[in-house]
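Here's a quick tour of one protein chain, starting from the inside and working outwards. Have the 3D view open and follow along.

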Amino acid sequence: MVINVQKVICKEIGLLRPDFISLKKLNDLTKNFLTAVKNELNEQHIDADVFVGGSFAKRTFLKSEKYDVDIFVRFDWKYENLSELLEKVLKRVSANLNMKFEMLHGSRDYFRIYNGYAEGYFEVVPVTRIKKPREERNVTDLSYFHVPYVRKKIKGLEDQVRLTKQFFKAQGVYGAETYVRGFSGYTAELLIIYYKSFVKMLRALVKIKGGERLVIDLAKHYKKKNEVFIQLNEAKLHSPIILIDPTYKERNALAALSYETLLKLQRSARAFLYNPSLRFFVKQPLDVELLRKNASRKKFEFIYLNLETDKQPGDIAGTKLKKFSEMLIDELRVYFEIKEHYFVYSGAQNADIYLILNSRKEIVRIGPPLIMKKHVTHFKSEHLNTFIKGKFIHARIPVKFDARSYLDAWQKANEKKIREMHVTEIKIHG
């Protein structure tokens, strides 16, 4: 099996490395763009410097049909409205270079400049020039410290990082966005620096049991792992893996990771380790017809919903739609057992939800305490089948409707709530 794993890995590495022509073209385009941005900053007398970040700077980027390069503009501490300053600069630069310009919203507004090569673009992010990580005003300010650390430590392991990133992408666990709650490119790099290989990393991660938390401290910021739980902010300790940022001891780089995402990765990792195949590095579409057939065979109900939002495509739209889907599933759980559920975000302004459900047939509602006799009498008048448990009256309520009917009624009764959550349309399919 080890030989089989190595054969698969060696074949995949060849598919993931960017070719020489793409690398040279990107280098040339990036140098020209950086020069143009620096010149415009000087012309507008703005105190800022520019650096390349992300996987391109670390040489861990994947071969792709379209390439993106992260560029950070570090503004002096005295500036406040960084996005506004950068917008003025980039409007001039993109016009001079005949490149398409687009603003994206985030914790700080940032920009996408389409460079015309292989549908690629530069993602330009405004950050504050800080000397120490603890001076951060925004998490993006820390990116400046990540590049030199990874470049120093990653030498010889670049292909292992590529394998990891592609595997994570194919299995739908890549990205720290709220609608994914998975592994960022930076955390994938840190995991490989720690474990030294893709396979060793998978073997370690599948061993994490439910409720456990793995602590990884590459820079040995803490003498004992228990100190992490004492010194780190509690909000940063909810993830199943506590990955201490080697450049900033007070940050858990995997704070966004959810137990649900880890379980998803573990299932895929076990399957790959048991039977290695290149298919694990290719994103597989959800087999909707198989889900429908399985639901029918078990006499469960199958529901497919399409959601649309008016929010900006990307993290904002994905997060809004994911939050709405979670709320909707919680509503359904009152009357139905959710056997399986899948959230598939398109990357645009819509997402699909696939549900396999089974009616609970009956639910129990807790009424008022027995000492409140008038309320108890009223509760009994509203419910035919009541019983006493402890000091409260209870009622058995039969579930006589299916999920499709429930969702139709719920949608009509909650139009205002749906609008407030920025969902513009819900299409329900059986």
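Let's start with Phe-183: which residues does Phe-183 touch, leaving aside its neighbours within four places in sequence? In this predicted model, Phe-183 is in contact with Phe-168, Val-173, Tyr-174, Gly-175, Leu-191, Ile-241, Leu-254, Leu-257 and Leu-265. Phe-183 also shows up in the largest nonpolar core, as one of the residues with the most contacts inside it.

**The cores**

- The largest nonpolar core has 44 residues, and Phe-167, Phe-183, Phe-198, Met-201, Ile-241 and Phe-272 have the most contacts inside it.
- Several elements chip in with at least two residues each: helix 1 (2-16), helix 5 (143-153), helix 6 (158-170), helix 7 (185-195), helix 8 (198-205), strand 7 (241-243) and helix 10 (259-274).
- Helix 7 gives the largest share of this core, with seven residues.
- There's also a second, separate core of 37 residues, and Leu-29, Ile-46, Val-69 and Phe-75 are among them.
- In soluble globular proteins, nonpolar side chains tend to be buried together.

**A look at helix 5**

- Which residues of helix 5 are buried? They include Ser-143, Phe-145, His-146, Val-147, Tyr-149 and Val-150.
- Among the elements covering the buried residues of helix 5 are strand 1 (48-53), helix 3 (54-58), strand 2 (68-75) and helix 7.

**A charged residue tucked away**

- Asp-159 sits in helix 6.
- Why does Asp-159 count as buried? Its relative accessibility is 16%, and buried means under 20%, so Asp-159 makes the cut.
- Leaving aside neighbours within four places in sequence, Asp-159 is in contact with Ile-13 and Arg-17.

**The whole chain**

- You can count 15 helices and 14 strands along the chain.
- Taken along the principal axes, the C-alpha atoms fill a box of roughly 80 × 55 × 50 Å.
- Of the chain's 430 residues, 47% count as buried.
- Take the contacts with a separation of 6 or more: residues 24 or more positions apart account for 65% of them.

**Surface and charge**

- The chain exposes about 23400 Å², and carbon and sulfur atoms supply 50% of that area.
- How many positive and negative side chains does the chain have? There are 77 positive and 51 negative ones, and the centres of the two sets lie 7 Å apart.

Notes
Residues are numbered from 1 along each chain as its sequence is written. This is a predicted model: local features need pLDDT of at least 70, side-chain atom pairs count only at pLDDT 80 or more; totals for chains, interfaces and linings use all residues. Side-chain values use heavy atoms; hydrogens and water are left out. A nonpolar core is a set of buried Ala, Val, Leu, Ile, Met, Phe, Trp, Tyr and Cys residues joined through side-chain atoms within 4.5 Å. Buried means under 20% relative accessible area, exposed over 50%, partly exposed in between (1.4 Å probe, protein chains only). Helices (H or I, at least four residues) and strands (E, at least two) are DSSP runs, numbered from the N terminus. Contact means heavy atoms within 4.5 Å. Accessible areas come from the Shrake-Rupley method with a 1.4 Å probe; for residues, only the protein chains shown count as cover. Lys and Arg count as positive and Asp and Glu as negative; His and the chain ends are not counted. The place of a charge is taken as NZ of Lys, CZ of Arg, CG of Asp or CD of Glu.
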